[in-house]
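Here are a few notes to read alongside the structure. Take them in order, with the model open beside you.

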Amino acid sequence: MSSTPSAPALYGGTANRRVTVRDILSAKERGERWPMLTAYDALTARVFDEAGIPVLLVGDSAAMVVYGYDSTLPVTVEDLLPLTAAVARATRRAMVVADLPFGSYQGSPEQALAAAARFMKEGRAQAVKLEGGHRVAAHVEALVAAGVPVMGHVGLTPQSVNTLGGYRVQGRGEEAGAALLADAKELERAGAFAIVLECVPADLAAHVTAQLSIPTIGIGAGPGTDAQVLVWQDMAGLSPRTAKFVKTYADLNDTLTGAAKSFADEVVNGAFPDAAHSYS
């Protein structure tokens, strides 16, 4: 009697096709944890894809780490579309998820669909992400009905930082925790295939994760979620300031600073270019 082969792991796995929503949901059923990183350009996207990262988010965090703003609010669809397209072109396996930026979807489900369609057609994304709970449920329903996979985002929603009173932990206390769980369930009901939980108490995030049949992706939400995401510049030690929940896995700031200084010193001293790096 032949046995059904087990599904490949979401992290790592094979590179012969894109990761799909079905793969994401299957990982939840298996109890498999997986990583997600942001990506904003072809070179780093290729590195992360080859490292086996199954989902890459072209985040509106590009406003800060690419464009130099102090929040996510100023970035536009036109800013993010070329970044999304670059990431999609450079990858073979990772699911590419594009953030819908502030002002591109809040107005109506129709506005959300128009923005999402551009990211799917021009940016070649495989899914989009938007922030909010019950207030965007109709938007999620419209997108999913049109064939757009949607990743939700609750807890600290940076696009609403001005109404939240700053970058603060969300869901503390019984009432706030119940509201956050209700928002997550509403997104699931509307058809979201996964939900980011940002800056949420660890016990609440674990409880929400247990109550949902779709995966949760934590960022500052403790170890009890199905997946974890970080902004790659934070993870790699490039960002000058990071939140408490960020763990750095490299020190690229010092590495790049050292490389730049070595190059500059050799130019000043006449050591570069030498014969080996010149044409005859």
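1. Let's start with strand pairing: which residue stands opposite Leu57 in β2? That residue is Thr38. Keep in mind while looking that this is a predicted model. The pairing of β1 with β2 is parallel and runs over 3 bridges. To get from β1 to β2 the chain passes through α2, and this β-α-β crossover is right-handed.

2. Stay with β2 for a moment, because there is another strand to pair with it: β3, at residues 95–99, joins β2 in the parallel sense over 4 bridges. Here Val55 is the residue standing opposite Met95 in β3. Strand β2 itself covers residues 55–58, and both of its faces are covered. Val55 and Leu57 are buried on one side, and Leu56 and Val58 are buried on the other.

3. Now the pockets. The largest pocket has a volume of about 840 Å³. It has 34 lining residues, and the closest to its centre are Ser61, Met64, Glu198, Val231 and Asp234. If you want to find the walls by element, look at α3 (62–65), β6 (194–198), β8 (227–230) and α10 (232–235), each of which supplies at least two lining residues. Sorted by class, the lining comes to 18 nonpolar, 8 polar and 8 charged residues.

4. The second largest pocket holds about 420 Å³ of space. Its lining is made of 24 residues, with Pro35, Leu37, Gln228, Leu230 and Tyr249 nearest its centre. Two or more lining residues come from each of β1 (34–38), α2 (42–50), β7 (216–219) and β8. The class split of this lining is 17 nonpolar, 4 polar and 3 charged. Note that β8 turns up in the lining of the largest pocket and in that of the second largest pocket.

5. Two loop residues are worth a click. Thr72 sits in the loop between α3 and α4 (77–90). Is Thr72 buried or exposed? Its relative accessibility is 3%, so Thr72 counts as buried. Beyond its neighbours within four places in sequence, Thr72 is in contact with Asp60, Ser61, Ala63, Met64, Pro158 and Gln159.

6. The other one is Asp251, in the loop between α10 and α11 (252–269). Asp251 counts as partly exposed because its relative accessibility is 38%. Setting aside neighbours within four places in sequence, Asp251 is in contact with Ala236 and Gly237. Asp251 and Gly52 are 199 residues apart along the chain, and their C-alpha atoms are separated by 21 Å.

7. Finally, some backbone details to check. Most residues other than glycine have a negative phi, and most peptide bonds are trans. Arg124 is not a glycine, yet its phi is positive, at about 60°. Arg124 lies in the loop between α5 (109–121) and β4 (127–129), and counts as exposed because its relative accessibility is 58%.

8. Cys199 is another residue other than glycine with a positive phi, here near 50°. Look for Cys199 in the loop between β6 and α9 (202–211). At 11% relative accessibility it falls under the 20% cut-off, so Cys199 counts as buried.

9. One last stop: which residues does a cis peptide bond join? They are Phe272 and Pro273, with omega at about 0°. Pro273 belongs to the segment after α11.

Note on methods
Residues numbered from 1 in each chain as written. Predicted model: local features only at pLDDT ≥ 70, side-chain atom pairs only at ≥ 80, totals over all residues. Heavy atoms only, no water. 1 Å grid on protein atoms, 1.4 Å probe; cavity = no way out; pocket = protein on both sides within 12 Å on 5 of 7 lines; lining within 4 Å. Points joined across faces, edges and corners; volume = space filled by probe spheres on them. Nonpolar A, V, L, I, M, F, W, Y, C, P; charged D, E, K, R; others polar. Buried < 20%, exposed > 50% of the residue type's maximum accessible area, 1.4 Å probe, protein only. Pairing = 2+ DSSP bridges. Right-handed = clockwise from strand over helix to strand, strands pointing away. Contact = heavy atoms within 4.5 Å.
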